[in-house]
Amino acid sequence: LKIRYIEAFSDVEILKDRNTQHRDRLEAKNNELKDANEEVKTMSVAVKEMMKQANKVVQLSQRQPDLAALLATLVDHTVDQLEADIDSEKARLELTHGGSSNIIKEFEEREKQIQKLRGKLSDFETQLAEYDHAINEIRGKWEPKLDEIIKSISDAFSDSFARIGCAGQVTLDKAEDEAGADGEPGGSDFDQWSIQIHVKFREHENLSLLDSHRQSGGERAVSTIFYLMALQSLSASPFRVVDEINQGMDPRNERMVHGRLVDIACAPSENGGGGQYFLITPKLLSGLVYKPGMRVLCIYSGEHMPKDYEQLDFGQAVRRMRAIRDRGRAVEDPTQRSNGHVDVHA
């Protein structure tokens with residue numbers, strides 16, 4: 001029994017030692033597990049931070065094509081290779097710039113300035129969009145009215161040209177800026193807007209811009225007076241003075257302008273007439289069109305006047321001239337003779 005007791009006691013001691021060893025191993029494993037959990041937490045935080053940095057890099061690569069191209073070349077690089085490349089670039093920078101520690105700081109400051117400028121640019125773009133909206137809103141109110149006025153002028157101008165067998169129109173040239181690089185519409189240079197006059201004096205021609213190269217002096221004079229006549233409907237005036245409008249015109253153009261001027265001056269007010277015209281000229285063609293309501297005032301003076309000029313009766317001379325002319329014509333065109341209701345005063 002004593003021997004068995006000794007053997008049993010020895011076995012118990014051995015089992016205690018083994019139990020102690022297992023407990024130590026279990027405690028060591030628990031410590032390893034605890035350390036592993038702490039490392040996992042630390043790595044999780046690091047991974048999240050790396051994901052943020054990676055997202056920033058991706059966003060930058062979308063705005064910077066050269067960075068996107070660089071990222072494409074780093075797909076197969078390991079972390080060790082990337083760290084080795086970084087160390088190599090740092091060493092090269094130190095050699096290139098003499099080991100200056102301010103390079104990175106200057107770069108970071110420059111990057112901050114760039115970010116500020118981008119913020120200002122965004123604000124400017126927002127303000128520009130607001131200004132464009134305000135301009136378009138105001139333009140939508142007055143531009144249709146302006147187009148209506150130009151159309152009214154063009155209709156009157158075209159009517160005058162149609163009456164003499166020609167054609168003309170008035171348009172508004174709206175100068176617009178060129179479209180942007182992204183296709184957005186350009187703005188309007190309102191100070192460059194202009195009224196353009198197009199005329200056609202010959203049947204085989206097309207409407208062309210009125211300038212000093214295409215039309216003759218007489219044609220330009222006709223176009224100018226017709227344009228001024230078209231403007232009269234926009235401004236109320238008791239009378240208008242036309243001074244030597246026929247000077248420099250050939251007989252054909254002078255007859256056309258005089259006839260149109262007579263039509264407008266003698267037309268009823270509901271047809272665009274009613275305004276009083278004073279036509280001042282040193283000479284007139286013979287056989288012009290005259291209508292009731294016109295008055296001719298002849299001023300005769302100068303160094304060749306006779307001494308007894310006070311006894312001259314210019315009105316009687318005109319009446320005698322009419323009588324002689326009427327007797328000499330067997331058939332007379334009523335549109336080409338002086339109307340009897342036209343007053344002549346000397």
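In this predicted model, Ser208 lies in strand E3, which spans residues 208-209. Ser208 has a relative accessible area of 17%. Buried means under 20%, so Ser208 counts as buried. Beyond residues up to four places away in sequence, Ser208 touches Ile197, His198 and Val199. Arg214 and Gln215 are also touched by Ser208.

Strand E3 belongs to an open sheet of three strands. The order is E1-E2-E3, and the pairing is antiparallel. E1 and E3 stand at the edges. Each has a single partner strand, so one side of each is left without a neighbour in the sheet. E1 and E2 run antiparallel and are joined by seven bridges. Within this pair, Val170 stands opposite Ile197 in E2.

Strands E1 and E2 also contribute to the largest nonpolar core. This core has 25 residues. Those with the most contacts inside it are Phe157, Phe161, Ile164, Val222 and Phe226. Five elements are listed as giving two or more residues to the core: helix H4 (102-163), strand E1 (167-173), strand E2 (194-200), helix H5 (217-231) and H6. H5 gives the most, with six residues.

Phe157 illustrates the contacts made by a core residue. Neighbours within four places in sequence are left aside here. Phe157 is in contact with Gly168, Gln169 and Val170. Ile197, His198 and Val199 are contacts of Phe157 as well. The remaining contacts of Phe157 are Ser223, Phe226, Tyr227 and Ala230.

A further strand pairing involves E4 and E5. E4 covers residues 239-243, and E5 covers residues 276-280. The two strands run parallel and are joined by five bridges. Val241 stands opposite Phe278 in E5. E4 has two faces that differ in cover. Arg240 and Val242 form the covered face. Phe239, Val241 and Asp243 form the uncovered one.

The structure holds one cavity of 30 Å³ or more. The largest cavity has a volume of about 60 Å³. Its lining includes Ile245, Asn246, Met249, Glu254 and Val257. His258, Leu261, Leu279 and Leu284 are also among the lining residues. By class, the lining has six nonpolar, two polar and one charged residues. Helix H6, residues 251-266, gives the most to this lining, with four residues. H6 is also one of the elements that give two or more residues to the largest nonpolar core.

Definitions and conventions: Residues are numbered from 1 along each chain as its sequence is written. This is a predicted model: local features need pLDDT of at least 70, side-chain atom pairs count only at pLDDT 80 or more; totals for chains, interfaces and linings use all residues. Side-chain values use heavy atoms; hydrogens and water are left out. Buried means under 20% relative accessible area, exposed over 50%, partly exposed in between (1.4 Å probe, protein chains only). Contact means heavy atoms within 4.5 Å. On a 1 Å grid over the protein atoms alone, a cavity is a set of points where a 1.4 Å probe fits but cannot get out, and a pocket is an open set with protein on both sides within 12 Å along at least five of seven lines; lining residues have an atom within 4 Å of a point. Grid points are joined across faces, edges and corners, and a volume is the space filled by probe spheres set on the points. Ala, Val, Leu, Ile, Met, Phe, Trp, Tyr, Cys and Pro count as nonpolar, Asp, Glu, Lys and Arg as charged, and the others, Gly among them, as polar. A nonpolar core is a set of buried Ala, Val, Leu, Ile, Met, Phe, Trp, Tyr and Cys residues joined through side-chain atoms within 4.5 Å. Two strands pair if DSSP finds at least two bridges between them.
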